[in-house]
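Thanks for making the time this morning. I would like to walk you through one structure, and please stop me if anything is unclear.

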Amino acid sequence: MTNVYSLDGILVFGLMLICTCAYLKKVPRINSWLLSEKKGVWGVFYKAAIIGTRLHIAVAISCLTMAFYIVFLK
């Protein structure tokens, strides 16, 4: 288990948020409901989805690196 209050826990949370929002952007109903707001608190989900779709190679490499770190090094 990773602790949310540690640096690697925050990184895992951020990566999971980005991956989840990028996945939900592909679903039409959720895209119009959840990711339609571009500013404010709900805008965080929109911005995470944009990061996940535009930087998908970097996000995927980061996810694999973090998974390797958690499974083998921690």
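I will start with confidence, then go through the annotated spans, a polar contact, the cysteines, a threonine and the aromatic pairs.

What you have in front of you is a predicted model, and the mean pLDDT of the chain is 90, with 95% of its residues reaching 70 or more. If we look along the chain, confidence is lowest in helix H2, residues 28-34, where the mean is 84, and highest in H4, where the mean is 95.

Let me turn to the annotation. The UniProt record, which is an unreviewed entry, lists residues 6-24 and 44-72 under "transmembrane region". In the model, residues 6-24 are 95% helix and 0% strand, and the C-alpha atoms at the two ends of that span are 27 Å apart. For residues 44-72 the figures are 97% helix and 0% strand, with 31 Å between the end C-alpha atoms.

Within helix H1, which covers residues 7-25, we find Asp8. Is Asp8 buried or exposed? Its relative accessibility is 11%, and because the cut-off for buried is under 20%, Asp8 counts as buried. As for its surroundings, once we leave aside the neighbours within four places in sequence, Asp8 is in contact with Met66, Tyr69 and Lys74. With Lys74 there is also a polar contact, made between the two side chains at 2.7 Å.

Now to the cysteines, where a reader might look for a bond. How many disulfides does a search of the whole structure find? The search finds zero. The closest cysteine sulfur to that of Cys19 belongs to Cys63, and at 3.5 Å it is too far for a bond, because a disulfide requires the two sulfur atoms to be within 2.5 Å. Seen from the other side, Cys63 is in no disulfide either, and its nearest cysteine sulfur is that of Cys19. Both residues count as partly exposed, Cys19 with a relative accessible area of 28% and Cys63 at 24% relative accessibility.

Helix H1 is also the place of Thr20, which is partly exposed at 40% relative accessibility. A polar atom of the Thr20 side chain lies 2.7 Å from the backbone oxygen of Met16. If we compare sequence with space, Thr20 and Val41 are 21 residues apart along the chain, and their C-alpha atoms are 17 Å apart.

Finally, the structure holds two aromatic pairs. In one of them, the rings of Trp42 and Phe45 have their centres 5.6 Å apart and their planes at 45°, so this pair is classed as tilted. Trp42 is partly exposed, at 47% relative accessibility, and Phe45 is partly exposed as well, with a relative accessible area of 25%.

The rings of Phe68 and Phe72 have their centres 5.1 Å apart and their planes at 50°, so that pair is tilted too. Where do Phe68 and Phe72 lie? Both are in helix H4, residues 56-73, and they are four residues apart, which is about one turn of the helix. Their accessibility classes are worth stating separately: Phe68 counts as partly exposed at 45%, whereas Phe72, at 58%, counts as exposed, because the cut-off for that class is over 50%.

That is what I wanted to show, and I am happy to take questions.

Definitions and conventions:
Residues are numbered from 1 along each chain as its sequence is written. This is a predicted model: local features need pLDDT of at least 70, side-chain atom pairs count only at pLDDT 80 or more; totals for chains, interfaces and linings use all residues. Side-chain values use heavy atoms; hydrogens and water are left out. Rings of Phe, Tyr and Trp (its six-membered ring) pair if their centres lie within 6.5 Å; planes under 30 degrees apart count as stacked, over 60 as edge-to-face and the rest as tilted. Buried means under 20% relative accessible area, exposed over 50%, partly exposed in between (1.4 Å probe, protein chains only). UniProt positions are given in the numbering used here, feature names are shortened, and annotations may be inferred rather than shown by experiment. A polar contact is a pair of N or O atoms within 3.5 Å; within protein, one must be able to donate a hydrogen and the other to accept it, and residues adjacent in sequence count only if both atoms are side-chain atoms. Contact means heavy atoms within 4.5 Å. pLDDT is the predictor's confidence in each residue, from 0 to 100.
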